[in-house]
Amino acid sequence: MINSDIAPTVVVAELTKMFQERCAVDNISFSIRGGECLGFLGPNGAGKTTTIKMLLGLMTKSSGTITLLGMHIPEQLREAKQLIGVVPQADSLDPDLTVQENLLTYAAFYNIPRRIASAKADELLQFFALTNRKDEVIERLSGGQRRRLLLARALINNPKLLILDEPTVGLDPQSRQLIWQHLEMLQEQGMTMLLTSHYLDEVERLSDRVLILDHGTIVTEGIPQQLIKELVGVDVFEVEGGQSELDTLEEAFQKCNATTERVNDRLYAYTQEDCSRLEALLANSRKWLRRPANLEDLFIQLTGRSLRES
């Protein structure tokens, strides 16, 4: 639940990071309101990780300002970190400790009294359905249980801002769904989140707003469904076929208020109106489908289809 009556939780203004002659983050500005989940997206090398590292004080900015929870970074980093939870992409749990010990040890970093930490750990273990595994060592947990424990650990200090870096990476669909449900419950409780993920269905489901970076600059930001409708369309037709067939179909779709894209033997038509009448032309096509436009379509259109090196 977004709280528009209080100051933004995150304010980034004219943030820049240079690595010698290379500009990794180029004068970007954005904010995150209280209770909002911002989907922070971009291809490899776009500047996402560099930006997050600067927010967390792990990398020095070249210029610009960062304010988290009203505190200036890096000047007030120590105070700000007390109110931030981070779920890293890499599994950083201590394999030599039990589930419960991982939480209590982490709580000690925040100087949380043992009695309070124990009560909070019990609450989180119950919330993430890990109570019956609290005395297990980490190596006996499944991938989904480990990701849930990383989320629990990030919440041990009652953070006001939760930074999620690929929170469901490598998980099966059932585990992803379970973590989504828990994140949605945290949203209902007013948690502010910064989410970065390559699972765009995850971002579309959880984010109130998305920001897409490319080559260190912001290429668009806004409410996902509004951006999809404005910049992509309503429906997407995907058709496989020969060159002459696709030439004919491309001309037909362009007459139906659609933009088209050709990739090898595949035609993509992004429609701005109901073009279902053209389905009759697809009867003899090798393979085709019609589906609603989504965030992945938006991402591809703005950042391209080619692979990037990190």
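These legends walk you through close-up views of a predicted model.

**View 1. Two domains in one protein.** Let's start with the overall layout. The domain assignment splits the protein into domain 1, residues 8-222, and domain 2, residues 229-303. Taken over C-alpha atoms, the centres of domain 1 and domain 2 lie 37 Å apart. Where they meet, 12 residues of domain 1 and eight residues of domain 2 take part in the contact.

**View 2. The interface between domain 1 and domain 2.** Now look at the place where the two domains touch. Together, domain 1 and domain 2 bury about 800 Å² between them, and 82% of that area is on carbon and sulfur atoms. On the domain 1 side, L200, E204 and I212 lose the most area to domain 2, and these residues together make up 50% of what that side buries. What about charged and polar pairs across the interface? The rule finds zero salt bridges between domain 1 and domain 2, and one residue pair in polar contact.

**View 3. The side of domain 1 that touches domain 2.** Which elements give two or more residues to this side? They are helix 7 (200-206), strand 9 (209-214) and strand 10 (217-222). Strand 9 supplies the largest share, with four residues. Sorted by class, this side of domain 1 has eight nonpolar, two polar and two charged residues.

**View 4. E250 in helix 9.** Here we zoom in on a single residue. E250 sits in helix 9, which covers residues 243-254. Is E250 buried or exposed? Its relative accessible area is 17%, and buried means under 20%, so E250 counts as buried. The side chain of E250 makes a polar contact with the side chain of R262, at 2.8 Å. Leaving aside neighbours within four places in sequence, E250 is in contact with T260, R262 and L267.

**View 5. E279 in a loop.** Our last stop is another glutamate, E279. Look for E279 in the loop between strand 13 (266-271) and strand 14 (287-292). E279 has 28% relative accessibility, and because partly exposed covers the range between 20% and 50%, E279 counts as partly exposed. Which residues does E279 touch, not counting those up to four places away in sequence? You can find F237, W288 and R290 there. For a sense of scale, try locating V137 as well: V137 and E279 are 142 residues apart along the chain, and their C-alpha atoms are separated by 56 Å.

Key: Residues are numbered from 1 along each chain as its sequence is written. This is a predicted model: local features need pLDDT of at least 70, side-chain atom pairs count only at pLDDT 80 or more; totals for chains, interfaces and linings use all residues. Side-chain values use heavy atoms; hydrogens and water are left out. Domain bounds come from an automatic or database domain assignment. Contact means heavy atoms within 4.5 Å. Buried area is the accessible area (1.4 Å probe) that two parts lose on being put together, summed over both. A salt bridge is a side-chain nitrogen of Lys or Arg within 4 Å of a carboxyl oxygen of Asp or Glu. A polar contact is a pair of N or O atoms within 3.5 Å; within protein, one must be able to donate a hydrogen and the other to accept it, and residues adjacent in sequence count only if both atoms are side-chain atoms. Ala, Val, Leu, Ile, Met, Phe, Trp, Tyr, Cys and Pro count as nonpolar, Asp, Glu, Lys and Arg as charged, and the others, Gly among them, as polar. Buried means under 20% relative accessible area, exposed over 50%, partly exposed in between (1.4 Å probe, protein chains only).
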